[in-house]
Amino acid sequence: MALNEEVEALRAIPLFQRIEASKLRLLAFTSERVRFEPGDLVVKQGDIGDAAYIVLEGAAEVLVDTPQGPLKVADVGRNDIVGEIAILIDVPRTATVRAVEAVTALRISKELFFRLVAEFPQMAVEIMRELAHRLDRTTNDLREARAQLAAG
């Protein structure tokens with residue numbers, strides 16, 4: 001994928017839609033392009049987060065550790081961002097992300113990520129929106145699970 005293609009891929013992500021093309025070009029240029037084969041871990045629950053990943057191609061699953069073993073909680077694919085929670089709040093990774101097919105991603109270092117958020121406040125708003133959507137989905141999932149246990 002050429003630099004211009006990476007810029008267009010970034011523009012498709014809500015976090016970056018309002019950022020001018022020259023800044024997206026800089027982001028694409030300063031980010032590391034990485035590839036994961038099926039079964040490879042993009043991030044591992046419990047590890048220290050030093051980067052976020054933007055999926056350019058491919059698919060992965062999000063798993064959380066439970067006493068019964070890994071539990072799949074989500075699927076991610078093109079234009080999704082993963083790994084941002086650990087770098088936003090300095091906590092160990094909250095989930096494992098495992099490639100289910102070949103994944104090509106841009107690795108955005110913690111330092112670059114925060115520089116972008118500081119320079120583009122709209123990006124911080126989009127991050128809050130995405131996290132709020134995830135919290136809403138999680139809350140609904142917990143409500144459904146609780147209702148199933150009560151009906152049980």
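For a chain of 152 residues, a compact globule would have a radius of gyration near 15 Å, and this protein has 16 Å, which agrees. Please bear in mind that what we are looking at is a predicted model. Along its principal axes, the C-alpha trace spans about 55 × 35 × 25 Å. The accessible surface comes to about 8800 Å², and carbon and sulfur atoms contribute 55% of that surface. As for the interior, buried residues make up 37% of the 152 residues.

Let me turn to the secondary structure. The protein has five helices and eight strands. Reading from the N terminus, the order of elements is α-α-β-β-β-β-β-β-α-β-β-α-α. How much of the contact set joins residues that are 24 or more positions apart? Among contacts with a separation of 6 or more, such pairs account for 71%.

I should now like to consider one helix pair in detail. Two packed helices are described by the angle between their axes and the distance between the axes. Here the pair is helix α4, residues 110-119, and helix α5, residues 121-151. Their axes come within 5 Å and cross at roughly 110°. An angle of 65 to 115 degrees counts as roughly perpendicular, so α4 is roughly perpendicular to α5.

Which residues make this contact? From α4 they are Phe 113, Leu 116, Val 117, Ala 118 and Glu 119. From α5 they are Pro 121, Met 123, Ala 124 and Ile 127. By character, the contact of α4 with α5 comprises eight nonpolar residues, no polar residue and one charged residue.

Finally, I draw your attention to two residues in loops, each with a backbone angle worth inspecting on the screen.

The first topic here is Asn 79, found in the loop between β5 (71-77) and β6 (81-82). The phi angle of Asn 79 is near 75°, a positive value in a residue other than glycine. Is Asn 79 buried, partly exposed or exposed? Its relative accessibility is 21%, and buried means under 20%, so Asn 79 counts as partly exposed.

The other residue is Asp 90, in the loop between α3 (84-89) and β7 (96-99). Asp 90 has a phi near 50°, again positive in a residue other than glycine. With a relative accessibility of 57%, Asp 90 counts as exposed, because the cut-off for that class is over 50%.

Note on methods: Residues are numbered from 1 along each chain as its sequence is written. This is a predicted model: local features need pLDDT of at least 70, side-chain atom pairs count only at pLDDT 80 or more; totals for chains, interfaces and linings use all residues. Side-chain values use heavy atoms; hydrogens and water are left out. Axes are lines fitted to C-alpha atoms, for helices over the stretch in contact, and angles run from 0 to 180 degrees between N-to-C directions. Helices (H or I, at least four residues) and strands (E, at least two) are DSSP runs, numbered from the N terminus. Angles under 35 degrees count as roughly parallel, over 145 as roughly antiparallel, 65 to 115 as roughly perpendicular and the rest as oblique. Contact means heavy atoms within 4.5 Å. Ala, Val, Leu, Ile, Met, Phe, Trp, Tyr, Cys and Pro count as nonpolar, Asp, Glu, Lys and Arg as charged, and the others, Gly among them, as polar. The radius of gyration is taken over C-alpha atoms; the globule rule is 2.2 Å times the number of residues to the power 0.38. Buried means under 20% relative accessible area, exposed over 50%, partly exposed in between (1.4 Å probe, protein chains only). Accessible areas come from the Shrake-Rupley method with a 1.4 Å probe; for residues, only the protein chains shown count as cover.
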